[in-house]
Amino acid sequence: MEADHYESAGNNHVSSTGIRAAFKYYKTNIPKPDYSNVLDLTVTDESKGINVVPVSISEELAKDFEGEHLRLATIKSRPGFYLLQGFFSKEEQLKWMVNCLHSYPENGSKNNVNCNSHEKLTDVFKTHGKKLRWVTKGYDYDWTSKVYPDRMTSQFPEEFQKIGKLVCGLLKLGDFCGDTAIINYYPEKSTLSPHTDHSERNLGKPLVSLSFGQSAVFLLGGVEEECATEAILLNSSDIMVMSKECRLCYHAVPKILKTTKFDANPNVPTDVLEYANNNRINITIRQCD
Ligand code: OGA
Ligand code: MN
């Protein structure tokens with residue numbers, strides 16, 4: 001399998017515990033992993049320390065979110081980790097995916113297809129399809145030097161700013177001014193290696209991560225690779241937040257799971273519908289400075 005953009009030298013050592021062992025376990029297809037330990041955060045389960053509560057937002061805000069039954073899931077042993085559910089209707093989820101595929105990769109945005117040539121490509125998704133693996137926005141991340149530039153190098157979408165502020169406000173995580181985003185595209189067999197996100201200059205600010213399309217097994221480890229690791233199911237429309245104690249924890253995506261069916265919709269191009277029904281898209285909204 002092709003290396004992903006978080007894979008780096010030294011990732012191949014063998015261990016039987018911690019996030020690398022869990023990554024290997026869930027990534028493998030033969031034998032098929034047992035998914036019974038993957039946490040389902042849609043329902044409260046006291047035996048696992050999972051608590052799910054309804055969330056209410058002001059009528060003013062509710063206008064922007066057509067989702068239903070907003071819920072907040074937390075895990076007792078993982079302070080700083082939050083999962084908001086029910087924010088986007090199926091229709092909204094498809095709209096976000098239309099933008100992820102047909103708008104964000106355009107207009108000279110930095111992506112894995114043009115990052116070496118710096119060409120201003122158009123119709124990136126139409127031309128490259130599943131070869132599109134990431135797009136950056138705002139402070140465009142340099143995967144080789146692992147540094148963000150010192151100024152915004154591309155436009156930061158307003159809707160990212162809005163959702164980042166809304167979520168951090170709801171969770172009382174203080175001011176949040178998103179300036180950077182990485183959009184990850186996950187074809188069915190793709191993965192994201194264990195890593196921490198420590199390049200942002202302001203590490204006190206949370207990461208706000210949106211999931212669309214098919215589901216993922218998400219691994220949440222600790223601050224060291226060997227720490228105990230949780231496997232969590234992330235579904236389309238979930239908004240995950242890593243803050244405080246969780247902000248610098250290792251995490252990874254070892255598996256995409258087909259769980260969700262999107263029905264044809266006259267406002268959604270067929271290539272987007274096909275993508276949504278077979279692949280996953282993740283947007284992480286960050287505050288670099
Ligand atoms: C990232 C990341 C996780 C996901 O972009 O840094 O960890 O859920 N994404 O895809
Ligand atoms: Mn990450």
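**Entry 1: the ligand site**

Which cavity is the space taken by ligand 1? I looked this up before anything else, keeping in mind that the model is a predicted one, and I found that ligand 1 takes up the space of the largest cavity.

I then listed what surrounds the ligand, and noted 13 residues around ligand 1, of which Tyr6, Asn184, Tyr186, His251 and Arg280 come nearest. Sorted by class, this shell holds five nonpolar, five polar and three charged residues.

Next I went through polar side-chain atoms that face oxygen atoms of the ligand. For tyrosine 6, I noted a polar side-chain atom 2.7 Å from an oxygen atom of ligand 1. For asparagine 184, the distance from an N or O atom of the side chain to an oxygen atom of ligand 1 is 2.6 Å, and for histidine 251 the corresponding distance is 2.9 Å. I also looked up how far the ligand is covered, and wrote down that ligand 1 taken alone exposes 300 Å², of which the protein buries 99%.

**Entry 2: the strands around the ligand**

Which strands each supply at least two residues of the shell around ligand 1? I found strand 6 (180-186), strand 7 (192-195), strand 12 (251-257) and strand 13 (280-286). Strand 13 gives the most to this shell, with four residues.

Since I was already looking at strand 13, I followed it to asparagine 282, which is found in that strand. I counted asparagine 282 as buried because its relative accessible area is 5%, under the 20% cut-off. Its side chain makes a polar contact of 2.8 Å with the side chain of serine 209.

**Entry 3: two more buried residues**

Is aspartate 140 buried or exposed? I placed aspartate 140 in the loop between strand 5 (134-138) and helix 5 (158-170), and I noted that this residue is buried, with a relative accessible area of 8%. I also looked at its separation from serine 154, which is 14 residues away along the chain, and found 7.0 Å between the two C-alpha atoms.

For isoleucine 232, which lies in strand 10 (residues 230-234), the relative accessible area is 0%, so I entered this residue as buried too. From isoleucine 232 to arginine 133, 99 residues apart along the chain, the C-alpha atoms are separated by 22 Å.

**Entry 4: backbone details**

Where is proline 31 placed? I found proline 31 in the loop between helix 1 (18-27) and strand 1 (50-54), and I noted that the peptide bond joining isoleucine 30 to proline 31 is cis, with omega at about -5°.

I then turned to positive phi values in residues other than glycine. Aspartate 123 has a phi of about 50° although it is not a glycine, and its place is in the loop between strand 4 (110-111) and helix 4 (124-128). I recorded aspartate 123 as partly exposed because its relative accessibility is 43%, which falls between the 20% and 50% cut-offs.

Lysine 172, also not a glycine, has a positive phi near 55°, and I placed this residue in the loop between helix 5 and strand 6. Is lysine 172 buried or exposed? I counted lysine 172 as exposed because its relative accessibility is 72%, over the 50% cut-off.

Conventions:
Residues numbered from 1 in each chain as written. Chains lettered and ligands numbered in written order. Predicted model: local features only at pLDDT ≥ 70, side-chain atom pairs only at ≥ 80, totals over all residues. Heavy atoms only, no water. Near = heavy atom within 4 Å. Polar contact = N/O pair within 3.5 Å; in protein donor to acceptor, adjacent residues only side chain to side chain. Areas by Shrake-Rupley, 256 points an atom, 1.4 Å probe, with all protein chains shown as cover. 1 Å grid on protein atoms, 1.4 Å probe; cavity = no way out; pocket = protein on both sides within 12 Å on 5 of 7 lines; lining within 4 Å. Sits in = over half its atoms within 2 Å of the grid points. Nonpolar A, V, L, I, M, F, W, Y, C, P; charged D, E, K, R; others polar. Buried < 20%, exposed > 50% of the residue type's maximum accessible area, 1.4 Å probe, protein only.
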